[in-house]
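I opened this notebook to record what I looked up, in the order in which I looked it up. The entries go from the whole chain to single residues.

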Amino acid sequence: MLHAEFSPNNSIKPVRRNISGVLLLDKPYGISSNKAVQIAKRVFSAAKCGHTGTLDPMATGLLPLCFGEATKFSSVLLGANKGYEATLKLGFLSTTGDAEGEIIQLTNTVNPTLPQCEQVLKHFVGKIMQIPPMYSALKYQGKPLYAYARNGEAIERTAREISIHEIQIKSLIENELQLSIQCGTGTYIRTLAEDIGKALGCGGAYLVKLRRTVIDRFDLSQAQTLSAVEEMDATERDNGCLLPIDGLLQGFPAVTLDELAAIHMLQGRIVMSQSDISGLSGGNIVRLYDHRQRFLGLGEITIEQKIAAKRLLANL
C-alpha cells in the first residue's frame, strides 16, 4: 500500500521514494512506453522514472526502465544493438506500417517460397540505406513526423545508413513471414518489413506482430511483466526486480579510485588513477568505483592519462 500525505489543497498525494535502479520490463501489448513508465512509477512509489527508448503500443518485449539516479545513464542504451522477432504480412500495406493503420490488400501478388525469402533477405544484411517512416518521432521543423502524418501531410525524408547484423527465418506460412532480426540503432522494423515485402515481389508488407527480445547485453529472460511486479510486495520488488545502476554500464571498463581520489572526484577535480589505464586513450569513458567498491558514476580519460568526471551520482 502507498503511504500518502496531504497536499496544500487538501487532496491526498502519494509519497514517492527516492529509489534508484533498473527494471527490465516485458512491456505488454497495447500500451505506450510512457504509460508503462507511469504504471511502474506508481507500483514502485518512485519519485523519478524513465525509459531507455520507446516501443510502439502494438509492440511487446524488452523495455528497460530507469529509476532515480539511473535516469542519468539511460541514454547509454539508446545507441545499443537490438534484437526483434517480427511477423510480416506479405502482399499488404498499412498506412502506419503495422496492424494499427489502415490496411490495403495488394492485387496480383504471389506468396514467395522459402528459398526465395532466404535469397532476398541476404541483401538486407549489412549496412543498408533506409528512409524513416512518416509515423515516427523524428522531428521536422520542431514537430514529430507522426504529427504531420496524422494530418495527412507527407514530408520528404532523407535515407539514412543502418546496420542489420543478422536476419533468420523462423517460419513461412502462406503470406506470413516470421523473422528474427539483430540490428543496430536507428532501424525501423516497420520500414524494413515493407522493403522486404517489395523485394520479394509482393508489393509490400506490414507488421502483424513485433517483439523486442534483446537490448545490448540484456534479453527477455531477465525481464519482469507488469502483472508479476504488481503482485510482489515492496521488499521483493526492490530486492528482486531492480538491477544496480552500473548494470547498464558494463560495456565500459572499471576503474577503482583510492579514498582521497574518490573524494576529489566527487568535488569535480581531475584525478590520477591507481588502476592501470595504460590501454585507454583520451576520450575513453570508464566506470568509477571508490575503495569500498561503491559505484560513483562515469569518468573520462584525459589526454594526460588522468580522469575527469563525466556523470556522477548525487548524494554519495
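What follows are my entries on the chain as a whole, on its salt bridges, on one helix and on three single residues.

**Entry 1: the whole chain**

I note at the outset that this is a predicted model. I looked up the secondary structure and found seven helices and 21 strands in the chain. The C-alpha trace spans about 75 × 60 × 40 Å along its principal axes. Of the 316 residues, 45% count as buried, and the accessible surface comes to about 16,600 Å², with 49% of that surface belonging to carbon and sulfur atoms. I then turned to the contacts with a sequence separation of 6 or more, and found that residues 24 or more positions apart account for 65% of them. For the charges, I have 33 positive and 31 negative ones, whose mean positions lie 5 Å apart.

**Entry 2: salt bridges**

How many salt bridges does the structure hold? I found ten. Side chains of opposite charge can pair when their charged atoms come close.

I took the pair of Asp 26 and Arg 211 to begin with, whose side chains meet in a salt bridge at 2.8 Å, N to O. Asp 26 lies in strand S3 (residues 21–27) and Arg 211 in strand S14 (residues 205–215), so this pair ties together parts of the chain that are 185 residues apart in sequence. Are the two partners buried or partly exposed? Asp 26 has a relative accessible area of 15% and is therefore buried, since the cut-off is under 20%, whereas Arg 211, at 27%, counts as partly exposed.

I next looked up Asp 56, which forms a salt bridge with Arg 190, the closest N and O atoms being 3.5 Å apart. This pair also links distant parts of the chain, for Asp 56 sits in the loop between strand S4 (49–51) and strand S5 (60–67) while Arg 190 belongs to helix H4 (residues 189–199), 134 residues apart. Here the acidic partner, Asp 56, is partly exposed at 30% relative accessibility, and Arg 190 is buried at 10%.

A further salt bridge that I noted joins Glu 69 and Lys 72, with 3.0 Å between the closest N and O atoms. Lys 72 is partly exposed, its relative accessible area being 27%.

**Entry 3: helix H4**

Arg 190 led me to its helix, where I listed the buried residues of H4 as Ile 189, Arg 190, Thr 191, Leu 192, Ala 193, Ile 196 and Gly 197. What do these buried residues pack against? I found strand S6 (82–90), helix H2 (114–121), S9, strand S12 (160–173), strand S13 (176–183) and S14. H4 is followed by Gly 201, whose phi is positive, near 80°.

**Entry 4: Gln 130**

I then went to S9 (residues 126–130), the strand in which Gln 130 is found. Gln 130 counts as buried, with 4% relative accessibility, and its side chain reaches the backbone nitrogen of Tyr 188 at 3.0 Å. Leaving aside neighbours within four places in sequence, I noted its contacts, among them Thr 158, Ala 159, Arg 160, Ile 162 and two residues of the helix just described, Thr 191 and Leu 192.

**Entry 5: Arg 287**

Arg 287 lies in strand S19 (residues 285–289) and counts as buried at 10% relative accessibility. Which partners does its side chain reach through polar contacts? I found the backbone oxygen of Leu 249 at 3.2 Å and the side chain of Tyr 289 at 2.9 Å. Beyond the neighbours within four places in sequence, Arg 287 is in contact with residues including Asp 246, Phe 252, Pro 253, Val 255, Phe 295 and Leu 298. I also looked up its separation from Glu 300, which is 13 residues in sequence and 8.9 Å in space, C-alpha to C-alpha.

**Entry 6: Ser 275**

My last look-up was Ser 275, placed in the loop between helix H7 (259–266) and S19. Ser 275 counts as partly exposed at 24% relative accessibility. Not counting residues up to four places away in sequence, it touches Val 255 and Thr 256, and I note that Val 255 is also in contact with Arg 287. From Ser 275 to Gly 203 I recorded 58 Å, C-alpha to C-alpha, with their positions 72 residues apart in sequence.

Terms used
Residues numbered from 1 in each chain as written. Predicted model: local features only at pLDDT ≥ 70, side-chain atom pairs only at ≥ 80, totals over all residues. Heavy atoms only, no water. Buried < 20%, exposed > 50% of the residue type's maximum accessible area, 1.4 Å probe, protein only. Contact = heavy atoms within 4.5 Å. Areas by Shrake-Rupley, 256 points an atom, 1.4 Å probe, with all protein chains shown as cover. Lys, Arg positive; Asp, Glu negative; His and termini not counted. Charge placed at Lys NZ, Arg CZ, Asp CG, Glu CD. Salt bridge = Lys/Arg side-chain N within 4 Å of Asp/Glu carboxyl O. Polar contact = N/O pair within 3.5 Å; in protein donor to acceptor, adjacent residues only side chain to side chain.
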